[in-house]
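Please open the structure in your viewer and keep the selection panel at hand. The tour below proceeds one selection at a time.

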Amino acid sequence: MLLLHGALGSQNQFTSLKEVLDEFYEVHTLNFEGHGGIASTQKFSINLFTQNVIGFLEEHAITEVQIFGYSMGGYVALNTALRIPEKIKKIITLGTKFRWDIASAQHEGTMLNPDKIEEKVPHFADKLRLDHHPQDWKGVMRKTAQMMIDMGNGAKIQDDDFRKIDVGVVIGVGSLDNMVSHEESEYIASLIPNAKLVELEGVKHPIDKVGIDVLVDYIRAH
C-alpha cells in the first residue's frame with residue numbers, strides 16, 4: 001500500500017498511520033517533489049506529482065499497489081490510474097477536492113498567502129517550516145497556490161478522463177469537511193465506473209484531526 005500526502009504536507013503526515021497499517025500491509029510513503037525537504041526547480045502540477053509516483057513504483061519494483069490518497073494525494077492517485085492502470089489495484093481517497101473551476105481555484109489560492117499565515121497562524125507556519133526544512137516553506141506554498149490557479153484554468157482531470165478510470169475507487173469525504181463538499185465527491189464517484197462514495201461521520205478535513213482508528217478502519221474496510 002502506498003500512502004500519498006496532501007498539498008503543503010509530507011510523508012510525515014502518515015507516521016502514526018503507517019505504524020498501525022504495517023501490521024496488515026507492506027506500506028510505502030513518499031514526498032512529492034518540492035515537499036518534505038526535497039528540492040525542486042519545477043512548477044508544481046498534478047502531472048509532476050503523478051510522475052513522482054510512477055518513478056517511485058519503478059524504483060522499488062512495485063508491480064501492483066493499492067493507494068490511499070489524502071486530499072491532493074487522492075487526486076494524484078486517480079491521475080496515476082489514468083497513466084498506469086495495470087499497476088493500480090485500488091484507490092481510496094479522503095478529503096480530495098474535485099471542484100476546480102476558476103472561482104474555487106482562486107478562492108483556494110488566495111488563502112495560501114505565506115506572509116499572512118506567518119502573521120495570523122504562526123503555529124501553522126512553524127509546522128510548515130519544520131515539515132519542509134531545509135527548503136523554504138513559503139516557496140512551497142506559493143507554488144501550490146499557483147498550481148491551484150492552473151487547475152482552475154484547465155490543468156485538471158476532465159470529466160471524460162474520470163470516466164476512463166478502470167480501477168476500483170472509494171471516494172471518502174468527512175461529514176464535517178469544510179473544504180470538500182459531499183456534492184462534488186458524489187459527482188466524481190458517479191463518473192468513475194467502479195467507484196463508490198463513503199461519508200465518514202464526524203470527520204473534518206485536516207488528517208491530523210482524524211483518529212488513527214478511524215483511518216485504519218476506513219482503509220481496511222474497503
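**A tour of salt bridges and cores**

Begin by selecting Lys138, which is buried, with a relative accessible area of 18%. Bear in mind throughout that this is a predicted model. Lys138 lies in helix α7 (residues 137–152), while Asp115, 23 residues apart from it, lies in helix α5 (residues 114–120). Display both side chains: they meet in a salt bridge of 3.3 Å, N to O. Asp115 counts as partly exposed, at 44% relative accessibility. Next, add Glu118, Asp126 and Arg129 to the selection; together with Asp115 and Lys138 they are linked in a network of salt bridges.

Move to helix α6 (residues 122–132), where Asp131 and Lys127 lie 4 residues apart, about one turn of the helix. Their side chains form a salt bridge of 2.8 Å, N to O. Asp131 counts as buried, at 14% relative accessibility, whereas Lys127 is partly exposed, at 39%.

Now select Glu108 in helix α4 (residues 102–111). Which side chain of opposite charge is nearest to Glu108? It is Lys97, 4.3 Å away; Glu108 is buried yet has no salt bridge. Because a salt bridge requires the nitrogen to be within 4 Å of the carboxyl oxygen, the pair does not qualify at 4.3 Å. Among the residues that Glu108 touches are Trp100, Met148 and Met179.

Finally, turn to the largest nonpolar core, which has 49 residues; Phe162 is one of the members that touch the most others. Select Phe162 and display its contacts, including Tyr75, Leu78, Phe98 and Ile188. A second, separate core of 20 residues includes Phe14, Tyr70, Val198 and Tyr218.

Definitions and conventions
Residues are numbered from 1 along each chain as its sequence is written. This is a predicted model: local features need pLDDT of at least 70, side-chain atom pairs count only at pLDDT 80 or more; totals for chains, interfaces and linings use all residues. Side-chain values use heavy atoms; hydrogens and water are left out. A nonpolar core is a set of buried Ala, Val, Leu, Ile, Met, Phe, Trp, Tyr and Cys residues joined through side-chain atoms within 4.5 Å. Buried means under 20% relative accessible area, exposed over 50%, partly exposed in between (1.4 Å probe, protein chains only). Contact means heavy atoms within 4.5 Å. Helices (H or I, at least four residues) and strands (E, at least two) are DSSP runs, numbered from the N terminus. Lys and Arg count as positive and Asp and Glu as negative; His and the chain ends are not counted. Lists of a residue's contacts leave out its neighbours within four places in sequence.
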